[in-house]
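Trainee: Please pick one part of this model and give me a close look at it, then carry on from there to whatever else is worth a stop.

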Amino acid sequence: MGTALIYDEEMTKYKLLWVDPACKFEVPERLTVSHGALVESGLADRCVSVPVREATDAEILLVHSAEYLEAVKTTPSMSLEDLMEFTLQYGDVYFHPNIYHCAKLAIGASLQLVDSVMTGKVRNGMALVRPPGHHSMHSAASGFCIFNNVAIAARYAQQRHGAKRVLIVDWDIHHGQGVQYCFEDDPSVLYFSWHRFEHQKFWPQLKESDFDTVGKEKGAGFNINVPWNKVGMQNSDYLSVFFHILLPVAYEFCPDLVLVSAGFDSAIGDPEGEMRATPDIFAHLTHLLMNLAEGKVCAVLEGGYNLTSLPQSVCQTVHTLLGDPAPCPANLDAPCKSALESLQCVRSVHRTYWSCLRHAADLPTSCSTKHINTAEGADQEPTEESSQEIFWPPPMKRVFPPTRTAVVLPDDVACPDGCKRWSLLEHPDPQLCLSALVDKMVKNEICNGLVLVPDVSVAMICLAQHAVAALNKRLLVVCVGDGMVPIQGTEDGKTLVVHFSRKESEEQRGKHFITVHLTKGCGDASGFIQAVLSLLLPLGYEYDPGLVLLVQKPDSGVCDSMWRQLTGLLQGLAQGHMLVVMQEDERKHIGPTCSSLLGIAAPSLGQLHSLLPEDVEALERLRRRLTPDWKLLQTTVAEEP
Ligand code: Q9C
Ligand code: ZN
């Protein structure tokens, strides 16, 4: 199961033919540098190359009006003057004699990608296209977009492939108002967008881009706008929105397909976005989506205008789609005040629609006095300061360890396909054997592993000691199931323990020993996944461990698909260095665990029942208690008393 890459040089063959400062960044080089970087890094060769095709009229009409299509059809034969005049009807877009052709290829590329993923020819993929799509509307071009590639792809996936629920994640820095209008009253397509908004002063300056536009009628709750009211948003701001809004809602929604409006103008250095998130953040955003919809993720290029951060971000995305471990999410700051304000507003207006947000706080007082836009507030030319060149280190090389998954299993258990048996023979002492395995992981010779041991508690103690004392690595221990967790010495901060259990068996032991109680235990998928997304992941990302130890206690009650979700999601940490420890007789879990460790997407959890109110409350209490110590757990501006 591979990754599709869809690209055709033909889409570089149109450009702006006159002077228009609003459109000057949308250049053919955006595609040539992106594709070039994929070729030079060897990533393109690892993908399945799928040819583009032209979209048919019928496909364009899935979203656009016949009048608009007929009008665009007349542009290839227009003179320069006619093109300029035609362009004047729309905002921040240009036409060219070859753009209609390219626009049909851009849709066709997106549909080829959907076909490849939905038929199982590949697991996921990316389409590198121009023109972009998310601003174009039923009967109008807008913001460099002619036809709405992703909106058409969503409708096509539903009609041609029977996808019931489609999630569109628009991480481009502009609001895809065209996508919003298309699915506003439709609960079968969940549209999520974050965008530079600046209290409606930033293009396209629509009041309906704000957080309180949530969808209409049956579609209420299925449109999620996260407005950024300041520039300079960073990695932690983006991740916070994923942990506390998008992912909980996405898991509750349970999509059959994830489409990403993958614009990279949200990356550092972009002249349109003016944000500060680094290209490696896209590895994490991608990774965090890859266990939804059984891994069916289609990324379609939208914006991205810095010719350095764009190709870097594209490579990070494709690397991750291919299953390579993500780089460490190092040095995450606390989310900024303005980001928290947006987060609080969004959670608050969506709490009536999503059970995972039921206990979200009220609107902050700052939101009731909306900053009203004034005419002179229209987007200004970049200031002296913002037009200064910004530098950032290029993303770290992502070297894949020679062995992905090593296993230590009883002799009578066959080694699962794709894994490598780590032999006990060379290490007759079982403790030494496990320590040696961890050493190889830390040296990046082995990515991850699974060990079955006679006693998980004994193994846990020995591994924790070895990792911290001998290797001097920060260790994250995630323990699933009731009973004691015999880890000592978390006071020095070199170990963080997160324990999921049913019983109130243990006391909270300081900042680095956290127990998450679930009313129905670890077998309750709704409660468990919410705890993982909105507690464990933020803690893990902020802690930034060098190694993850995932321990399943005997009779933990955790179901198979949940276990695979957890194993999959945690691989975003520690460059994927994770050792899974289970009791010797838990043989039925070997296959599923290994498949996750090998990077195969987890099965979906199904449509989750509403979270138990007592669990939402308990999780919320725990979150509040921990926020003074863990900044990525914040979901409100001024922390609650
Ligand atoms: N600051 C996409 O990223 N507005 N389109 C330019 C000048 C147009 C962006 C205003 C932005 C369109 C796909
Ligand atoms: Zn954009």
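**One pair, then outwards**

Mentor: Let's start at Arg474, which counts as partly exposed at 38% relative accessibility; that label covers whatever falls between buried, under 20% relative accessible area, and exposed, over 50% (1.4 Å probe, protein chains only). Before going on, bear in mind that this is a predicted model: local features need pLDDT of at least 70 and side-chain atom pairs count only at pLDDT 80 or more, while totals for chains, interfaces and linings use all residues. As for bookkeeping, residues are numbered from 1 along each chain as its sequence is written, chains are lettered from A and ligands numbered from 1 in the order in which they are written, and side-chain values use heavy atoms, with hydrogens and water left out.

The partner of Arg474 is Asp544, and their side chains meet in a salt bridge at 3.7 Å, N to O (the criterion is a side-chain nitrogen of Lys or Arg within 4 Å of a carboxyl oxygen of Asp or Glu). Arg474 sits in the loop between helix H16 (456-470) and strand E12 (475-480), and Asp544 in the loop between helix H17 (525-543) and strand E15 (547-552), so the pair ties together parts that are 70 residues apart in sequence. Those labels are DSSP runs numbered from the N terminus: helices are H or I with at least four residues, strands are E with at least two. Asp544 itself is buried, with a relative accessible area of 13%. Elsewhere, salt bridges that share partners join Glu26, Arg30 and Arg130 into one network.

How many salt bridges does a search of the whole structure find? It finds 19. One of them pairs Lys13 with Glu9, with the closest N and O atoms 3.4 Å apart. Both ends count as partly exposed: Lys13 has a relative accessible area of 43% and Glu9 has 46%. Then there's Asp57 with Lys73, at 2.6 Å from N to O. That pair links distant parts of the chain, with Asp57 in helix H3 (residues 57-60) and Lys73 in helix H4 (residues 66-73), 16 residues apart. Here too we're in partly exposed territory, at 33% for Asp57 and 28% for Lys73.

Now swing over to the metal. The zinc ion (ligand 2) is coordinated by Asp172, which is listed twice through OD, by His174 through ND1 and by Asp265 through OD, at 1.9 to 2.6 Å. Donors here are N, O and S atoms within 2.8 Å of the metal (3.2 Å for Na, K and Ca), and water is not among the atoms, so sites may look incomplete. Along the chain the donors follow the spacing D-x1-H-x90-D. His174 comes from the loop between strand E4 (166-170) and helix H8 (177-183), and Asp265 from the loop between strand E7 (257-262) and helix H10 (281-289), so this pair ties together parts that are 91 residues apart in sequence. Both are buried, His174 at 4% and Asp265 at 0%. In the loop between E7 and H10 you'll also find Glu274, a residue other than glycine with a positive phi of about 55°.

E4 and E7 belong to an open sheet of eight strands, in the order E2-E1-E3-E8-E7-E4-E5-E6, with parallel pairing (two strands pair if DSSP finds at least two bridges between them). Strand E2 (48-50) and strand E6 (223-228) stand at the edges with a single partner strand each, so one side of each is left without a neighbour in the sheet. Within the sheet, strand E3 (residues 122-127) and strand E8 (residues 297-301) run parallel and are joined by three bridges. Met126 stands opposite Ala299 in E8.

A couple of backbone oddities hang off these strands. The Arg130 to Pro131 peptide bond is cis, with omega about -10°, and Pro131 is in the loop between E3 and helix H7 (149-161). Another cis bond runs from Trp203 to Pro204, with omega near 5°; Pro204 is in the loop between strand E5 (189-196) and E6.

Last stop is Gln575, in the loop between helix H18 (560-570) and strand E16 (578-583). Its phi is near 50°, a positive value in a residue other than glycine, and Gln575 is partly exposed at 27%.
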